[in-house]
Amino acid sequence: MAEAGTVPLLPYSYVLGQDTLRRALEIAYVAPSVGGVLVSGERGTAKSTTVRAFARMMYGELPVTLPINATDDRVVGGWRIDALMAGRTEPQPGLLEHANEQGVLYIDEVNLLDDHIVNLILDVVSTGLLAVQREGLDRSDIPLSFTLVGTMNPEEGTLRPQLLDRFGLLVPVTAESDPRVRREILRTVLRFDEERARPTSEWLDRGAALDGERRDRIRDARDAFADVRLGDDAATLCARIAAEFQVAGHRGEIVMAQAARATAALERRTEPTPEDVRAVAPLAIMHRRREAVYGEGIAWTDEDAATLDKVLAEDR
């Protein structure tokens, strides 16, 4: 069976009702310069399931997971305690270096993590370098690259605006309202529970095969990303959207442009279209608007969608 020898996990291709989150994860893999994904939503909306299924599909194992009570040395590295007790000094790599080897660093309930730890991680993501200078340990400019994914429940508090801005894309997740979709989610979960208890499962094998095809397509998109050109029209559109929504700073349009290029690569095109920009614009700007900066909440409303459509119509 496809899951033999590993912890059974729902295949990524069988995850339902999370199309936006799945596309954001794929974009972050294709274009690491986007800067990671922050997922905000209530409990029980398959945030963790989707992230873990994505990591299993792309890297063959679960993501490196940062615990809420993580200390500095657990994150950036320190000295091996057993070696110190034996009179030797041996560096102990931290979780960031493990994430570099595996591919994904996953932080569940990132809003409950100490701000300085979050800031440290985001610095590494943005620069691609880790410098460790603490407790006699001096290791500078260690190159690291991984996809950062954080999840949070906004009912338990949010991140400071300065930290929100450092996440490339923000994906709001809610429970499905369509009874038909909820029914299919229920049937999929029950089917998974049944199939993983079997010694062999054609259904899980088929899911693994579908994941393999999708993995190959996403990897091809990453290879093609450098050749996807952002035309003048698309660049102008990104800038106009950021200005219309009064986005703080310039990171919003930069992320929007990179995400639109990644979307084009995933669709096997060499240049992003206005629809590519439209699809990623909310994810790139909703947490960078004045409302978020001043702590007034993060949301994307019907009025926002109408404003975005107006900008797109004027651009044509």
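## Around strand β1

Strand β9 (residues 169–173) runs parallel to β1, and five bridges join the two. This is a predicted model, so read every pairing here as part of a prediction. At one point along that pairing, V37 of β1 sits opposite L169 of β9. Further along, S40 has P172 as its bridge partner in β9.

On its other flank there's β8 (residues 147–152), which pairs with β1 in the parallel sense over four bridges. S40 turns up here too: its bridge partner in β8 is M152. That gives S40 a bridge partner in β8 and another in β9.

How covered is β1 (residues 37–41)? Mostly: five of its five residues are buried. In a regular strand, side chains alternate between the two faces of the sheet. For β1 both faces are covered, with V37, V39 and G41 buried on one side and L38 and S40 buried on the other. Its neighbour β9 is mostly covered as well, with four of its five residues buried.

## The whole sheet

Zooming out, these strands belong to an open sheet of five, in the order β2-β5-β8-β1-β9, with parallel pairing. Why do β2 and β9 each have one side without a neighbour in the sheet? Because β2 (64–65) and β9 stand at the edges, each with a single partner strand.

Sheet strands pair through backbone hydrogen bonds, and that can happen in a parallel or an antiparallel way. Another parallel pair in this sheet is β5 (residues 104–108) with β8, joined by five bridges. If you want a spot to check on screen, V104 has T147 as its bridge partner in β8.

## Helix α6 and its buried face

Now for a helix. α6 covers residues 115–127, 13 residues in total, and it reaches 18 Å from its first C-alpha to its last. That's close to the 18 Å you'd expect at 1.5 Å a residue. Its buried residues are I117, V118, I121, L122 and V124. Looking down the axis of α6, these buried residues fall within an arc of 155°, so they line one face of the helix.

The general geometry is familiar: an α-helix has 3.6 residues a turn, so residues three or four places apart point the same way. On the other side of α6, S126 and T127 are exposed. Just after the helix comes G128, with a positive phi of about 75°.

## Loop residues to look at

A couple of non-glycine residues also have positive phi values. A46 is one, with phi near 65°. This residue is found in the loop between β1 and α2 (47–59). Is A46 buried or exposed? Partly exposed, because its relative accessibility is 32%. E109 is another case: its phi is positive, about 55°, although it is not a glycine. You'll find E109 in the loop between β5 and α6.

Elsewhere, H250 is in the loop between α10 (232–244) and α11 (251–266). With 59% relative accessibility, H250 counts as exposed. H250 and R288 are 38 residues apart along the chain, and their C-alpha atoms are separated by 9.5 Å.

## Chain totals and confidence

Overall, the chain has 14 helices and nine strands. It runs to 316 residues, of which 45% count as buried. Among contacts with a separation of 6 or more, 76% come from residues 24 or more positions apart. The accessible surface of the chain comes to about 15,600 Å², and 48% of that belongs to carbon and sulfur atoms.

As for confidence, the average pLDDT of the chain is 86, and 87% of the residues score at least 70. Over residues 1–5, though, the pLDDT is below 50. That stretch still has 14 contacts in the model beyond near neighbours in sequence.

How values were computed. Residues numbered from 1 in each chain as written. Predicted model: local features only at pLDDT ≥ 70, side-chain atom pairs only at ≥ 80, totals over all residues. Heavy atoms only, no water. Buried < 20%, exposed > 50% of the residue type's maximum accessible area, 1.4 Å probe, protein only. Contact = heavy atoms within 4.5 Å. Areas by Shrake-Rupley, 256 points an atom, 1.4 Å probe, with all protein chains shown as cover. Expected span 1.5 Å × (residues − 1). Arc of directions from axis to C-beta. Pairing = 2+ DSSP bridges. pLDDT = per-residue confidence, 0-100.
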